[in-house]
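Work through the exercises below with the model open. Each task is followed by a solution in steps.

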Amino acid sequence: MLRRPEYLKALVFCGLIGVPVALIAFWFLVTLNQLERLIWTDWPKDLGWKQAPWWWGFPLLLVAGVVVGLTVSRLPGRGGHVPVSGLHAGGITKEALPGVLVAALVGLPLGVVLGPEAPLIALGGGLALLFASFARAPQTEASTALLGAAGAAAAVSALFGNPLVGAVLLMEVAGVGGPQLFSVMLPVLLASGVGDLVFTGFVHWTGLRTGSLDIGLPKPPPLDWADVLWVPLMAPALAFLIHWIFVGGRYAAGFVTSWTVRNTTLCALGVAGCTALYAVSTGRSPAEAALSGESALAGLAKDASAWSVGALVAVLAFKGLAYALCLGSLRGGPVFPALFLGGAAGALLAPLPGFGLVPAMAAGMAASVTAALRLPVSGAVLVVLLLGNVETVALVVLAAVVSFAVTQLLPQGPAVPAFRSRTPGRTSRREAPGP
């Protein structure tokens with residue numbers, strides 16, 4: 001198949017499509033970042049506050065709820081798939097692009113507790129199909145799937161800054177290999193993680209060497225037994241937490257199915273209430289409980305001591321509840337809020353005897369994002385590349401595998417319901433993506 005002219009043409013076309021898709025994804029992300037900074041940092045300071053006041057999220061999320069609700073009920077594509085369904089690479093159409101852009105560019109900067117990765121997948125795939133139609137390329141079922149996945153991978157790679165993440169994530173999201181993919185990859189991933197733990201342990205504990213590719217860069221302190229022993233206890237707890245957040249998201253999705261605009265707005269105001277309670281109870285900015293958590297996670301990693309135990313507990317509680325509401329009612333991706341909650345849990349548990357901030361946050365992030373996505377390989381790869389710390393790879397793999405196994409054993413809760421639009425003079429029913 002690799003030598004067939006059709007495949008070679010498709011390969012070249014996918015490479016060419018990656019250029020405009022990556023450029024558009026870049027400006028999309030820049031726009032989101034600038035709007036977020038303007039709304040949550042610059043405007044409060046311009047109005048004389050040190051940080052956004054506790055009530056700041058109410059008017060913003062009211063607008064977000066109304067606009068996203070109207071987008072979901074009126075525009076083709078429903079503004080993208082329901083986030084609680086996970087990430088999807090299929091079902092992307094160029095007609096859905098306006099709705100995806102409106103829902104993302106309005107909702108995410110105004111405080112929706114979701115990330116940009118799902119809109120980017122829809123944006124990249126839709127743009128690839130749009131460019132293919134401009135080029136009058138033959139569109140079969142196979143070519144549409146290939147172009148959609150290639151465009152989505154190019155856009156996601158722009159977000160994570162690494163082509164490996166985009167390729168691995170889209171491979172798991174697309175379900176290449178079907179159920180056999182997980183049945184084969186999960187034990188292989190676990191065995192490789194355990195093997196790395198044993199090998200690393202013997203190298204550090206015996207002082208012997210077998211030869212290495214190490215070029216002499218400075219490393220953090222090596223892992224010890226305490227790090228290894230805490231992870232199997234921490235990962236199931238985080239998997240349990242994230243799993244039930246997603247169950248709550250499915251109930252929220254059921255709540256917004258009938259009266260979409262009204263109920264989406266109510267959920268958005270519920271998110272604003274969570275951010276207000278967090279700000280009042282901690283004295284910190286409501287932005288930490290709102291938004292995707294990408295910026296807050298970087299600040300937490302750099303200066304975890306600036307967060308008290310009470311603040312970490314509060315952000316886990318209130319951001320977790322806001323995350324559940326957003327998963328079922330608004331539009332965006334589930335990755336970054338899960339990463340933040342895992343990082344916050346790691347910072348909270350880091351003072352345990354023998355644990356440390358880096359291994360605790362690494363394991364926490366791997367466990368939480370794997371529980372959210374149900375993609376253990378992508379979760380492990382993403383966390384490893386985000387941290388850039390090879391010493392914690394084994395812990396990341398162990399946490400991802402344990403978390404995935406636990407979430408598979410837990411009751412899944414209600415299915416994501418079919419979407420129903422009820423507006424004056426019109427009633428329609430369209431299927432929402434399954435879980």
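**Exercise 1. The core**

Which residues of the largest nonpolar core touch the most other members?

Solution. Keep in mind that this is a predicted model. Begin with the whole protein: it has 15 helices and two strands. Of its 435 residues, 52% count as buried. Next, take the largest nonpolar core, which holds 114 residues. Within that core, Trp-40, Phe-160, Leu-300, Tyr-323, Leu-339 and Phe-340 touch the most other members. Now look around one of them. Leaving aside neighbours within four places in sequence, Tyr-323 is in contact with residues including Val-113, Leu-114, Ile-245, Phe-246 and Ala-372. Pro-334, Pro-337, Ala-338 and Leu-341 are also among the contacts of Tyr-323. Last, check sequence separation across the protein. Of the contacts with a separation of 6 or more, 78% are between residues 24 or more positions apart.

**Exercise 2. A residue in helix 14**

Classify Val-383 as buried or exposed, and list what it touches.

Solution. Locate the residue first: Val-383 lies in helix 14, which spans residues 376-387. Its relative accessibility is 0%. The cut-off for buried is under 20%, so Val-383 counts as buried. Then list the partners, not counting residues up to four places away in sequence. Val-383 touches Leu-339, Ala-362, Met-365, Ala-366, Val-369 and Val-396. Take Met-365 from that list. Val-383 and Met-365 are 18 residues apart in sequence, yet 6.7 Å apart in space, C-alpha to C-alpha.

**Exercise 3. Charged side chains**

Compare Glu-36 with the pair Arg-284 and Glu-288. Which residues form a salt bridge?

Solution. Start with Glu-36, found in helix 1 (residues 5-46). Glu-36 is buried and has no salt bridge. The nearest side chain of opposite charge is Arg-37, 7.7 Å away. A salt bridge needs a nitrogen-to-oxygen distance within 4 Å, so a gap of 7.7 Å does not qualify. Not counting residues up to four places away in sequence, Glu-36 touches Thr-41, Pro-109, Leu-291 and Ser-295. Now turn to the pair. The side chains of Arg-284 and Glu-288 meet in a salt bridge at 2.8 Å, N to O. Both residues are buried. The count for the structure comes to one salt bridge.

Arg-284 has a further partner. Its charged end sits over the ring of Trp-307, 4.1 Å from the centre. Lys-319 also lies over a ring face, that of Phe-340, at 5.2 Å from the ring centre. Phe-340 has already appeared among the core residues that touch the most other members.

**Exercise 4. Aromatic pairs**

How many aromatic pairs does the structure hold? Describe two of them by geometry and exposure.

Solution. The structure holds eight aromatic pairs. Phe-26 and Trp-27 form one of them, with centres 5.0 Å apart and 80° between the planes. Planes over 60 degrees apart count as edge-to-face, so this pair is edge-to-face. Phe-26 has 43% relative accessibility and is partly exposed. Trp-27, with a relative accessible area of 55%, is exposed.

Next, take Trp-55 and Trp-56. Their centres are 5.8 Å apart and their planes 50° apart, a tilted pair. Trp-55 is partly exposed at 33% relative accessibility, whereas Trp-56 is buried at 7%. Finally, extend the view beyond the pair. Ring pairs link Trp-49, Trp-55 and Trp-56 into a cluster.

Note on methods:
Residues are numbered from 1 along each chain as its sequence is written. This is a predicted model: local features need pLDDT of at least 70, side-chain atom pairs count only at pLDDT 80 or more; totals for chains, interfaces and linings use all residues. Side-chain values use heavy atoms; hydrogens and water are left out. Helices (H or I, at least four residues) and strands (E, at least two) are DSSP runs, numbered from the N terminus. Buried means under 20% relative accessible area, exposed over 50%, partly exposed in between (1.4 Å probe, protein chains only). Lys and Arg count as positive and Asp and Glu as negative; His and the chain ends are not counted. Contact means heavy atoms within 4.5 Å. A nonpolar core is a set of buried Ala, Val, Leu, Ile, Met, Phe, Trp, Tyr and Cys residues joined through side-chain atoms within 4.5 Å. Rings of Phe, Tyr and Trp (its six-membered ring) pair if their centres lie within 6.5 Å; planes under 30 degrees apart count as stacked, over 60 as edge-to-face and the rest as tilted. A charge sits over a ring if NZ of Lys or CZ of Arg is within 6 Å of the ring centre and within 35 degrees of the ring normal.
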